Amino acid sequence: MSGYIDEFLIISPSLYSFSDNTIRMYKSVLNSFDVWFGKPIETATPIDVQSYIAELDAEGKSGATLTVHTSAIRAFYDWMVSTQRVTTNPTTGIKQRGRKKSRLPTYLTREEIDALTSATLMSKSPFERERDYLLVTLLLSTGLRVSEISNLKVKDFNPVDKSLRVIGKGNKEAYVFITNIK
């Protein structure tokens, strides 16, 4: 692996606020590109990058995979340009491929919500009933992920405005408000 790639991966979390998952994905992508290219990474041209992406496409990689590869290589060469290791970014002019169409969210019906909350009351233990009901209603009310709820602390709750401070994907802080589901 290129020393430039190592350096980019070390500095990018603080420079670009990349999450650990993004760093792992970019490492895999950049190593794959480096091996495929087989020459000093700083000598890559737009044709080289386009050929790499075209080869992935020919292998049947998904549009999302092609987008991740393009994004990782683009971010790397943006950094290479900003640190004056190269004069131009070989990804300039390469369009993102295969972006997913936005899907409309699906919602639970009132009957499904009632069935879900009622199911929490089936436990024999009063503690488990209360806990399960709280978790399900919190999920329904806020739209948080289970992992986000499991990481909540008492200090994250603001009783005045019924809000929660949440650390979400990419270690981003957000505030959500608890609403009534009934």
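Exposed means over 50% relative accessible area, buried means under 20%, and partly exposed is whatever falls in between. With that in hand, here are the close-ups, all taken from a predicted model.

**Figure 1. Gln84, out in the open between two helices.** Gln84 sits in the loop between helix 4 (63-82) and helix 5 (110-119). Its relative accessible area is 72%, which is over the 50% cut-off, so Gln84 counts as exposed. The backbone is worth a look too: phi of Gln84 is near 60°, a positive value in a residue other than glycine. As background, most residues other than glycine have a negative phi.

**Figure 2. Ser17, another positive phi in a loop.** Ser17 is placed in the loop between helix 1 (3-16) and helix 2, a helix that covers residues 20-37. Phi of Ser17 is near 60°, so here again is a positive value in a residue that isn't glycine. How buried or exposed is Ser17? Its relative accessibility of 44% lies between the 20% and 50% cut-offs, so Ser17 counts as partly exposed.

**Figure 3. Phe18 and the company it keeps.** Phe18 belongs to the loop between helix 1 and helix 2. Setting aside its neighbours within four places in sequence, Phe18 is in contact with Phe8, Ser12, Pro13, Ile23, Tyr26 and Ala75. What about the other end of the chain? Phe18 and Asn171 are 153 residues apart in sequence, yet their C-alpha atoms are separated by 8.9 Å. Asn171 is itself a loop residue, found between strand 2 and strand 3 (173-177). At 65% relative accessibility, Asn171 is over the 50% cut-off and therefore counts as exposed.

**Figure 4. Aromatic rings around Tyr16 and Phe18.** A pair of aromatic rings is described by the distance of the centres and the angle of the planes. The structure holds 11 aromatic pairs. One of them joins Tyr16 and Phe18, whose ring centres are 5.3 Å apart; the planes meet at 25°, under the 30 degrees cut-off, so this pair is stacked. Tyr16 has a relative accessibility of 30% and so counts as partly exposed. Which residues do the ring pairs tie together here? They link Phe8, Tyr16, Phe18, Tyr26, Phe76, Tyr77 and Trp79 into a cluster. Two of these names also turn up in the contact list of Figure 3: Phe8 and Tyr26 both touch Phe18.

**Figure 5. Phe33 and Phe37, a stacked pair within helix 2.** Among the 11 aromatic pairs in the structure is the one between Phe33 and Phe37, with ring centres 5.8 Å apart and planes at 5°, so the pair is stacked. Both residues lie in helix 2, 4 residues apart, which is about one turn of the helix. Are these two rings on buried or exposed residues? Phe33 has 0% relative accessibility and so counts as buried. Phe37 comes in at 8%, so Phe37 counts as buried as well.

**Figure 6. Thr70, a buried residue in helix 4.** Thr70 is part of helix 4. Its relative accessibility is 2%, under the 20% cut-off, so Thr70 counts as buried. What does Thr70 touch once its neighbours within four places in sequence are left aside? The contacts are Ile53, Ile94 and Gln96.

**Figure 7. Pro159, between strand 1 and strand 2.** Pro159 is found in the loop between strand 1 (157-158) and strand 2 (163-167). With a relative accessible area of 56%, Pro159 is exposed. Follow the chain to Gly170, 11 residues away in sequence, and the C-alpha atoms turn out to be 26 Å apart.

**Figure 8. Stepping back to the whole chain.** The protein chain has 7 helices and 3 strands, and along the sequence they follow the pattern α-α-α-α-α-α-α-β-β-β. The radius of gyration is 23 Å, well over the 16 Å that the globule rule gives for 182 residues, so the chain is more spread out than a compact globule. The C-alpha trace spans about 65 × 35 × 25 Å along its principal axes. Of the 182 residues, 31% count as buried. Among contacts with a separation of 6 or more, 48% are between residues 24 or more positions apart. The accessible surface comes to about 12,200 Å², and 56% of it belongs to carbon and sulfur atoms. As for charge, there are 24 positive and 20 negative side chains, and the centres of the two sets lie 3 Å apart.

Notes: Residues are numbered from 1 along each chain as its sequence is written. This is a predicted model: local features need pLDDT of at least 70, side-chain atom pairs count only at pLDDT 80 or more; totals for chains, interfaces and linings use all residues. Side-chain values use heavy atoms; hydrogens and water are left out. Rings of Phe, Tyr and Trp (its six-membered ring) pair if their centres lie within 6.5 Å; planes under 30 degrees apart count as stacked, over 60 as edge-to-face and the rest as tilted. Buried means under 20% relative accessible area, exposed over 50%, partly exposed in between (1.4 Å probe, protein chains only). The radius of gyration is taken over C-alpha atoms; the globule rule is 2.2 Å times the number of residues to the power 0.38. Contact means heavy atoms within 4.5 Å. Accessible areas come from the Shrake-Rupley method with a 1.4 Å probe; for residues, only the protein chains shown count as cover. Lys and Arg count as positive and Asp and Glu as negative; His and the chain ends are not counted. The place of a charge is taken as NZ of Lys, CZ of Arg, CG of Asp or CD of Glu.
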